[in-house]
Amino acid sequence: MYRPPATRLLAAVVALGLAPTVRAQDESKKPSKLADTSIDVRLTDDSTIKLTLLEGQIEFLTPHGRLTIPVADIRKVELGMRIPDDVAAQIQAAVSDLGSNQFRKREEAMSLLLRHREKSYPALKQATKSTDAEVAKRAEELIEKLEKLVPDGRLEQPDYDVVYTELSKIAGKIVTPTLRAKSFAFGEVQLRLSDTLAMSVTGFKDKEEAVAALPDPGSLTAYQHPQHIGKILMFRVTGAAQGSLWGTETYTLDSTLAAAAVHMGVLKIGQTGNVRVLVLGPSAGFVGSTRNGLTSSNYANYPGAYKILAKER
């Protein structure tokens, strides 16, 4: 039976290995200092809970190497897409069952894929290219339903995390699948990052988001100098169908930002909003695709690139 993340988290306190436990006093295994940081946690079902993190630090893997970040220094984390192995197996089996000759099996598969919402989306996108016409057709139907069911920007959720501190934003991936936390009512629990959209210190406001966004630059060719690499910038953009576009999810710096935002799914054509981008260095192997009614092209090598970050969640 499916249960939303908030329900599963509460159930964790009575599940084997997740319930509050009494541990022997082994000083050699204690962390040197608990962060004891109170945070607001937004789960993938859009519910919010308040927890206290018990980790002293997190291991964070970036394109430039592994970092150890003290939890006490973290103000906010935006979590990328995580699909646990057991869920991925369920989704793949359900996608296969879309082509079943048994009506009940097909209906059960479609129901399961809708329940897993954005986690089903990557597999369904792949299924639209299936040589089985029935599988491809039903995958397209499910994607249409998910586009109405899931908030804007969530279907194209990136697979990396963004950590905010007082002085910086860092893109990468938290290495562990869970974090130790404490609930006021239920004691110590394991916070599954696959069930989490974002977490932040109560009241934290990113300084960059407090100021007006920069005007639409057209493309980001002005940001190809080394001092811009790794920066996250915010622009006020109106989605458009016109312009040059190379790549998918990672775009060449000379790609039109207004078109890339539509292709990525963070804006619709004619919709105006703030778009945040991560500036990258020289990149190779840009792959074109058709998404959200726009088609981008392939490109071999370019001296700079950018990723569009998911909308504020």
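A residue counts as buried when its relative accessible area is under 20%, as exposed when it is over 50%, and as partly exposed in between, using a 1.4 Å probe and protein chains only. Let us carry that into this predicted model, where local features need pLDDT of at least 70, side-chain atom pairs count only at pLDDT 80 or more, and totals for chains, interfaces and linings use all residues. Residues are numbered from 1 along each chain as its sequence is written, and side-chain values use heavy atoms, with hydrogens and water left out.

A good place to start is helix 5 (residues 133-149), which holds both Arg 138 and Glu 134, four residues apart, or about one turn of the helix. Helices (H or I, at least four residues) and strands (E, at least two) are DSSP runs here, numbered from the N terminus. The two side chains form a salt bridge, with their closest N and O atoms 3.3 Å apart; the term means a side-chain nitrogen of Lys or Arg within 4 Å of a carboxyl oxygen of Asp or Glu. Glu 134 is partly exposed, at 38% relative accessible area, whereas Arg 138, at 15%, counts as buried. Elsewhere, salt bridges with shared partners join Glu 55, Arg 180 and Glu 188 into one network.

The structure holds twelve salt bridges, and some reach further along the chain. Arg 75 pairs with Glu 166, the closest N and O atoms lying 3.2 Å apart. This salt bridge links distant parts of the chain, 91 residues apart: Arg 75 sits in strand 5 (residues 74-78), and Glu 166 in the loop between strand 6 (161-165) and strand 7 (169-174). Arg 75 is partly exposed at 21%, and Glu 166 is partly exposed at 42%.

Now compare Asp 161 and Arg 82, whose salt bridge has its closest N and O atoms 2.6 Å apart. Asp 161 lies in strand 6 and Arg 82 in the loop between strand 5 and helix 2 (85-97), so the pair ties together parts that are 79 residues apart in sequence. Asp 161 is buried, at 0%, and Arg 82 also counts as buried, at 12%.

Finally, look at the open sheet of six strands, ordered 11-12-15-20-14-13 with mixed pairing; two strands pair if DSSP finds at least two bridges between them. Strand 11 (214-215) and strand 13 (247-248) stand at the edges with a single partner strand each, so one side of each has no neighbour in the sheet. Strand 14 (residues 250-252) and strand 20 (residues 305-308) pair in the antiparallel sense over three bridges, and Thr 252 has Ala 305 in strand 20 as its bridge partner.
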